Amino acid sequence: LYKSFCQTILVISSNQILKELLLPIPPSFYPPQISSILNILLTQQNNSGLFKQFSVIKSENPANNENNQSIELTDLILQTISEVFSRYPSFTKSSNDSNTVVDIESLKKQGVNDQYRYSFRDLKFGLTNMIGDNSIYNHHYENNIKSDTKNTSQSRIIRLAQEIADLTFSLPIDSYNLITIRADVNRLDIMKSMIAGAEGTPYANGLFEYHLYLPSTYPQDPPKCNLETTGNGEVRFNPNLYSCGKVCLSLLGTWRGIASENWDPKISNLLQLLLSIQSVVMSEEVYFNEPGFEGESGTEEGEKRNEGYSNIVRYNNIKFAMIEHIKNPPKGFEEVVRRHFYIKRDVILTECTQWINTAQTKLASYYGLVSDHNHKIATRFSSSSNVYINELKEVVQQLESTLKGLVINNTFESI
């Protein structure tokens, strides 16, 4: 299939009439184009380049024939794309311009989700230098990275390259469902991810940073994953998201689930993990995520405690997953943070207003498990029925002021 694709692209690029089919469509057209064939070619070139960069030398061992075929196919793709761009060097410039410039005036005429998808189409996956001072990785798993001295296998490299190629296309970039990833510029197995909370949940519109590390035994063993957005260890955002950052999930092997929920090296992958965190863990049923507490769902006390836990999440979501990130965006995600909050600023404030209105009518309890997990905050909120409402109003005002400080120029480049 890839060989046929390469042959087709070469034919199109050599025809003076058909070659226009490769160019991006201007953003003034509706619906906006997510990606042109030219951009797909560039993405494939980047993916193939990554594979070549992190791959080992081809083996003459017949047992590794499949690996060798993958590398040969990579060479074919790179040669094809190089030939296309050598014939039409203007293609590269046109695509680069398209990738970095977004016409705000045209986008403003579209809906929020169309604006969002167009603006994030090139921000799904990227590389960034994660090495800080003294050659130490600025990463939660820095000690694991140093101590993991096993040589990587060819199959691991191929699996990782395949997953990354899939992630560049499959990561969701809807306004209500965003996941982005950054890998270290020299190590694809060292990653960070920014997951946006889904609308309608206490995590709505917040950006939560996770650090990921794929050990040398990957994919036989699951990735390691830690939540970094915890208010410096002050907040437990979920029964399965500890204040220390631990992510409790059967897919990670940090919780004993049924066999079908555990990590399976043949079918489990990074995308599945990130989607599970976003949809299963970061859901509206915060309190009921605690094992054994599902039976309280629908009961008066259970619903009140779920509301209490959710109130704590909402407040700290605004404080740490919104305001803090806008003021201090994590390295590599600067443009993700700016565009996310700029495009969704009205949606965010509308939802926050709804949270304030709900708090004035819906009963909440901050005792039992809620207090156990966030004792200081629960004690403060339970001291008076107005404490949470007043503090929520105050932090929403801070958020509104912070959002007003976001300025984007007419090419959507932050200034």
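**Reading E209 and strand β4**

Author: This is a predicted model. Start with E209: this residue is buried but has no salt bridge. The nearest side chain of opposite charge is K192, 4.5 Å away.

Reader: Why does 4.5 Å to K192 leave E209 without a salt bridge?

Author: A salt bridge needs a side-chain nitrogen of Lys or Arg within 4 Å of a carboxyl oxygen of Asp or Glu. E209 and K192 stand 4.5 Å apart, so no salt bridge is counted.

Reader: Where is E209 found?

Author: In strand β5, residues 207–213. There, E209 is the bridge partner of M194.

Reader: What does E209 touch?

Author: Leaving aside residues up to four places away in sequence, E209 touches K192, S193 and M194. Its other contacts are N226, L227, E228, T229, H325 and P330.

Reader: How many bridges join β4 to β5, and do they run parallel or antiparallel?

Author: Seven bridges, and the two strands run antiparallel.

Reader: What lies on the β3 side of β4?

Author: Strand β3, residues 177–184, is joined to β4 by five bridges, again antiparallel. R182 stands opposite K192. The two strands form a hairpin, with five residues between them.

Reader: Is β4 enclosed or open?

Author: To judge a strand, ask how many of its residues are buried, meaning under 20% relative accessible area. In β4, residues 190–196, seven of the seven are buried, so the strand is largely enclosed by the rest of the structure.

Reader: Which residues of β4 point which way?

Author: I190, K192, M194 and A196 point one way. M191, S193 and I195 point the other way. Both sets are buried.

Conventions. Residues are numbered from 1 along each chain as its sequence is written. This is a predicted model: local features need pLDDT of at least 70, side-chain atom pairs count only at pLDDT 80 or more; totals for chains, interfaces and linings use all residues. Side-chain values use heavy atoms; hydrogens and water are left out. Buried means under 20% relative accessible area, exposed over 50%, partly exposed in between (1.4 Å probe, protein chains only). Helices (H or I, at least four residues) and strands (E, at least two) are DSSP runs, numbered from the N terminus. Two strands pair if DSSP finds at least two bridges between them. Lys and Arg count as positive and Asp and Glu as negative; His and the chain ends are not counted. Contact means heavy atoms within 4.5 Å.
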